[in-house]
Amino acid sequence: MSNVELKPARVFEQFAKINQIPRPSKHEELMSEYLTNFGKEHGLDTQVDATGNVLIRKPATPGYENRKTVILQSHMDMVCDKLVDVDFDFHKDAIQTYVDGEWLRAKGTTLGADDGIGCAIELALLDSDDIEHGPIECVFTRDEETQLTGAIGMKSGFMTGQYLINLDSEDEGQLFVSCAGGRSTVATFDFVREEAPAGYFFMEASVKGLVGGHSGDDINKKRANAIKLLARFLYNVQAKTDLRIASFNSGKLHNAIPRDGKVVFAIPAADKETIKADFNVFVAQVEDEYHVTDTTMKFSLASTEATQVIPAQVGINIVLALQAVDNGVFAMCQDEALDWLVETSSNVAAVKTTDTQVEVLSSQRSNVMSNLDNMCNTVAAAYRLAGAKVMTTDGYPAWKMNPNSKLVDITVAAYRKLFGKDPKVLGIHAGLECGLFSERYPELDMVSFGPTLRYVHTPDERLLIPTVQMVWDHLLEILKNIPE
């Protein structure tokens with residue numbers, strides 16, 4: 001990776017090193033080892049808690065010893081997604097990056113800037129000897145992207161600072177001071193497979209090339225969901241003929257809008273030409289519906305080998321549930337100042353078929369915890385009516401805005417001084433670890449910001465290079481102005 005136009009060079013050098021390290025969620029051992037060695041090699045107090053979070057303390061520079069301690073926090077894991085036809089092992093291979101205009105991207109995979117660039121900013125600061133700052137604690141949490149295991153498992157007292165800056169936001173010039181809480185709902189349909197009726201024709205319908213995106217940040221962008229599209233087609237087939245499903249697989253991650261998927265099914269051979277014609281009409285309609293957001297979607301319908309199928313009534317119930325279940329924005333914020341912000345949403349995230357089960361994973365989010373309960377109940381009800389077993393996770397809490405935040409005042413003033421304008425102070429519909437920190441550290445004063453990222457949680461993930469310098473400058477200005 002060339003550093004010619006990647007500034008600040010010290011941050012991008014750290015990011016390049018991080019991208020050599022495999023760090024899928026729940027498999028952050030190599031990253032944890034790297035961070036621990038980094039801290040010790042720099043002679044800094046380095047700790048790892050029982051959950052696997054890493055904390056590196058750096059003393060104040062001369063003249064700043066009496067300042068309050070600032071915690072800088074990012075997560076060490078990354079979402080691992082790739083294009084269907086790319087050969088890549090996230091447990092072994094290094095991310096291959098390239099510069100595309102003003103953007104840094106990866107070749108066919110997620111970039112890992114969520115939140116590798118936050119980690120890189122922290123490491124660049126720890127590595128420096130020419131930056132003025134008070135005492136700092138650099139915290140790197142694990143498994144943020146799947147279950148926030150690191151933040152959930154962190155005991156009070158591990159961090160000791162008074163202020164916390166979370167470096168896991170994705171729009172430069174926006175400061176986040178609250179976030180949504182979230183849970184996941186898992187529905188399981190059990191069955192014993194059987195032979196398809198005689199004279200049935202097997203087909204595979206698939207879709208790929210959808211934009212997808214983050215199920216919090218991007219849920220209001222009207223992007224297509226591969227599961228909902230395929231379920232919609234099956235619902236139409238089911239209304240016309242005797243449909244037998246063999247498998248339905250789509251999506252991988254609870255926090256990503258699924259971009260591709262396929263379903264294998266059987267129908268009476270006499271109906272195959274009708275269904276092929278219907279599929280072409282369906283594709284044309286969907287392409288027209290999503291002609292702004294999803295311009296590269298590719299559908300396919302082809303014959304395939306016969307196999308055992310899911311019993312008819314179970315298959316009917318699965319299709320009915322996936323057609324009925326809520327997906328997308330459920331409610332917008334009622335407060336006039338925040339009426340642009342999604343309050344409550346749900347995302348059908350993954351469908352997985354085994355020999356004996358179809359499992360459907362969805363994620364619910366809300367800034368209002370009672371509405372989060374309601375959203376989870378709404379989704380669970382659709383699956384229970386269809387005969388599924390349903391389990392809802394404990395999830396994570398919302399982070400409520402602190403109207404008297406001293407850190408927000410400092411952060412806004414520093415931004416105004418550097419860039420001659422005010423940043424936007426906002427809430428976010430995505431989940432941030434700050435919600436969990438606020439439970440364990442109720443007195444902690446927090447803010448979240450970061451450089452501009454787009455299409456996170458997808459292989460189109462990209463980092464707007466000039467904004468990294470802006471965030472770096474902003475952070476250093478904040479650190480100079482932390483009070484005693």
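# Close-up views of the predicted model

**β4 and β5 lie side by side and run antiparallel, joined by four bridges.** The β5 partner spans residues 103-106. Across this pairing, Val99 faces Leu104 of β5. Helices and strands here are DSSP runs, H or I over at least four residues for a helix and E over at least two for a strand, numbered from the N terminus. Two strands pair if DSSP finds at least two bridges between them. What you are looking at is a predicted model, in which local features need pLDDT of at least 70 and side-chain atom pairs count only at pLDDT 80 or more, while totals for chains, interfaces and linings use all residues. Residues are numbered from 1 along each chain as its sequence is written, and side-chain values use heavy atoms, with hydrogens and water left out.

**An open sheet carries a helix packed on it.** Stepping back from the β4 and β5 pair, you can follow four strands in the order β4-β5-β23-β22, with antiparallel pairing. The edges are β4 (97-100) and β22 (453-454), each of which pairs on one side only. Helix α11, covering residues 465-480, packs on this sheet and touches β4, β5 and β23 (462-464). Contact means heavy atoms within 4.5 Å. The directions of α11 and β23 make an angle of about 60°; axes are lines fitted to C-alpha atoms, for helices over the stretch in contact, and angles run from 0 to 180 degrees between N-to-C directions.

**β12 is mostly covered and pairs with β14.** Six of the seven residues of β12 are buried, where buried means under 20% relative accessible area, exposed means over 50%, and partly exposed lies in between (1.4 Å probe, protein chains only). Six bridges connect β12 (244-250) with β14 (residues 261-268), and the two run antiparallel. Look for Ser247, whose bridge partner in β14 is Val264.

**Asn255 and His457 meet away from the surface.** Asn255 sits in the loop between β12 and β13 (256-257) and is buried, at 4% relative accessibility. Setting aside neighbours within four places in sequence, Asn255 is in contact with Val79, Glu145, Gly213, His214, Ser215, Arg365 and His457. His457 lies in the loop between β22 and β23. His457 is buried too, at 2% relative accessibility, and has a positive phi of about 70° although it is not a glycine.

**Arg232 is found on helix α5.** The helix covers residues 226-240, and Arg232 counts as partly exposed at 25% relative accessibility. Beyond its neighbours within four places in sequence, Arg232 is in contact with Phe282, Val286, Glu289 and Gln323. Lys222 is in the loop between β11 (213-214) and α5. Lys222 is exposed, with 67% relative accessibility, and has a positive phi of about 60° without being a glycine.

**Two cis peptide bonds deserve a close look.** One joins Lys7 and Pro8, with omega at about 0°; Pro8 is placed in the segment before α1 (9-18). Another joins Asp114 and Asp115, with omega at about 5°, and Asp115 belongs to helix α3 (residues 113-127).

**The cysteines form zero disulfides.** A disulfide is a pair of cysteine sulfur atoms within 2.5 Å, and a search of the whole structure finds zero of them. For Cys376, the nearest cysteine sulfur is that of Cys179, 15 Å away. Cys376 is buried, at 3% relative accessible area. The closest cysteine sulfur to that of Cys434 also belongs to Cys179, but at 6.4 Å it is too far for a bond. Cys434 is buried at 0% relative accessibility.

**The whole chain sets the scene for these views.** The chain holds 11 helices and 23 strands. Its radius of gyration is 24 Å, close to the 23 Å that the globule rule gives for 484 residues, so the chain is as compact as a globular protein of that length. That radius is taken over C-alpha atoms, and the rule is 2.2 Å times the number of residues to the power 0.38. Of the 484 residues, 59% count as buried. The accessible surface comes to about 19900 Å², with 48% belonging to carbon and sulfur atoms; accessible areas come from the Shrake-Rupley method with a 1.4 Å probe, and for residues only the protein chains shown count as cover.
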